[in-house]
Amino acid sequence: MDMLDKYKSCLIGGAIGDALEYAVEFYREPQIFQYYGKKGITDYKLRNEKAIISDDTQMTLFTANGILNGYYNGSYTDSVYQCYKEWYITQTVYDKTMRDILYKNNNFSSWLIDIPELWNRRAPGMTCLSAISSGIKGTIRNPINDSKGCGGIMRVAPVGLFFKNNDMISQTDMLSAEISAITHGHELGYIPSATFAHIINLISHSDISLKEAVMDSISYTEKLFRNAEHIDYFCKLMKNAVKLSEKNINDLDAIHELGEGWVAEETLAIAVYCALKYEDDFEKAIIVSVNHNGDSDSTGAVAGNIIGAYLGMNAIPEKFLTNLELKDVIIEMAEDLYYYDSEQARKKYS
């Protein structure tokens, strides 16, 4: 499969999982199945003829923009942090006059700031908002809080895509963790991000099986964070997700055993379960990943990133591509990540 195709399907897949579930993000299972039938929500609930993305996809795009800026400007985390501050503006400034003043008086580093659709508040995580508004960039060594919410993991797929050299897998994993630690300081707020980026990196740059990629990511994370207090718990949870995917078990029972996805380790475990269980069926993996009690736009987004990168664009049903908000912007960003060293990218991000 063409590598660029995997880049596109990874980011598009994440947006699909995000947009499919955004309509019922805070619903419990009885509400979902009462409103949408025994299979739950299986098609977009459109608003103004669009399948609306949430903060998950917004922040994924700003992460990608920050990585590309960082490649040309010397610091990945500083550049991503700056892009997050600009995303924060899109979520908190509502007055058009004030926006015009901001445009005039600021030299924004992200071209995404010029996309009108991104100036919409889409249920942003309070931890992300409070961390960014503090003016302090959290790090693994100097955590800004003790949060392990899923807002740290749902945005880092672009890191796994960006580094193509297998010798840089350690840098990929640690950068993902550090980017999550900007806003989420608990070990389990950033360690799952390293595992997630590792999976994305392997399946988007090789023909490795999905299970092999997942098991390699668990093993590598276990070594990378061997002194972390919660590493044994995290690896046990991830291995359980793999085991459950191989059992003839009801999907909701399996998901309930793994958690609800409000915290990062559960988000990744649920997403991995869904992607492994339905590794040949993009639609089924996505539908299962969003129809449960928890933070299912994030589990849907992470599952979509994984199954999308694994199966490619041809596996995505047309119904999920039609009406997807910002589809062209998402594809453009995937192309920029792939062609990061081109003259066009240099002009755009340096």
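**Exercise 1. Place Asp336 in the fold and say whether Asp336 is buried or exposed.**

Step 1: Asp336 sits in helix α17; helices here are DSSP runs of H or I with at least four residues, strands are runs of E with at least two, and both are numbered from the N terminus. Before going on, note that this is a predicted model, where local features need pLDDT of at least 70, side-chain atom pairs count only at pLDDT 80 or more, and totals for chains, interfaces and linings use all residues. Residues are numbered from 1 along each chain as its sequence is written, and side-chain values use heavy atoms, with hydrogens and water left out.

Step 2: Check the accessibility. Asp336 has a relative accessible area of 8%, so it is buried (buried is under 20% relative accessible area, exposed is over 50%, partly exposed is in between, with a 1.4 Å probe and protein chains only).

Step 3: Look for partners. Skipping residues up to four places away in sequence, Asp336 touches Leu68, Trp111, Lys348 and Tyr349 (contact means heavy atoms within 4.5 Å).

**Exercise 2. Do the same for Glu187: which residues is Glu187 in contact with, leaving aside its neighbours within four places in sequence?**

Step 1: Glu187 belongs to helix α9. Its relative accessibility is 19%, so Glu187 counts as buried.

Step 2: With neighbours within four places in sequence set aside, the contacts of Glu187 are Pro192, Ala228, Glu229 and His230.

Step 3: For a distance along the chain versus in space, try Ser147. Glu187 and Ser147 are 40 residues apart along the chain, and their C-alpha atoms are separated by 8.6 Å.

**Exercise 3. Describe the chain as a whole.**

Step 1: Count the elements. You'll find 18 helices and zero strands in the chain.

Step 2: Judge the packing. The radius of gyration is 18 Å, close to the 20 Å that the globule rule gives for 350 residues, so the chain is as compact as a globular protein of that length (the radius is taken over C-alpha atoms, and the rule is 2.2 Å times the number of residues to the power 0.38).

Step 3: Add the dimensions and burial. The C-alpha trace spans about 60 × 45 × 40 Å along its principal axes, and 59% of the 350 residues count as buried.

Step 4: Take the contacts between residues at least 6 apart in sequence: 77% of them join residues at least 24 apart.

**Exercise 4. Work through helices α8 and α13: what span does each reach from its first C-alpha to its last?**

Step 1: α8 (residues 169-181) has 13 residues and reaches 18 Å, close to the 18 Å expected at 1.5 Å a residue (the expected span is 1.5 Å times one less than the number of residues).

Step 2: Ask what is hidden in α8. Its buried residues are Ile169, Thr172, Asp173, Leu175, Ser176, Ala177, Ile179, Ser180 and Ala181. Their cover includes α3, α4 (76-92), α7 (157-162), α9 (187-205) and α10 (210-224).

Step 3: α13 (residues 264-277) has 14 residues and reaches 20 Å, close to the 20 Å expected at 1.5 Å a residue. This helix is mostly covered, with 13 of its 14 residues buried.

**Exercise 5. Find the asparagines with positive phi, and compare their settings.**

Step 1: Asn48, though not a glycine, has a positive phi of about 50 degrees. Asn48 lies in the loop between α2 (29-36) and α3 and is exposed, with a relative accessible area of 76%.

Step 2: Asn323 isn't a glycine either, and has a positive phi of about 75 degrees. Asn323 is in the loop between α16 (318-321) and α17 (327-338) and is partly exposed at 28% relative accessible area.

**Exercise 6. Which residues line the largest cavity?**

Step 1: The lining is Leu11, Gly14, Ala15, Asp56, Thr57, Thr60, Leu61, Met154, Ala301, Asn305 and Ile330 (on a 1 Å grid over the protein atoms alone, a cavity is a set of points where a 1.4 Å probe fits but cannot get out, and lining residues have an atom within 4 Å of a point).

Step 2: Sort the lining by element. α1 (3-22), α3 (55-73) and α15 (296-311) each give two or more residues, and α3 gives the most, with four.

Notes: 1 Å grid on protein atoms, 1.4 Å probe; cavity = no way out; pocket = protein on both sides within 12 Å on 5 of 7 lines; lining within 4 Å.
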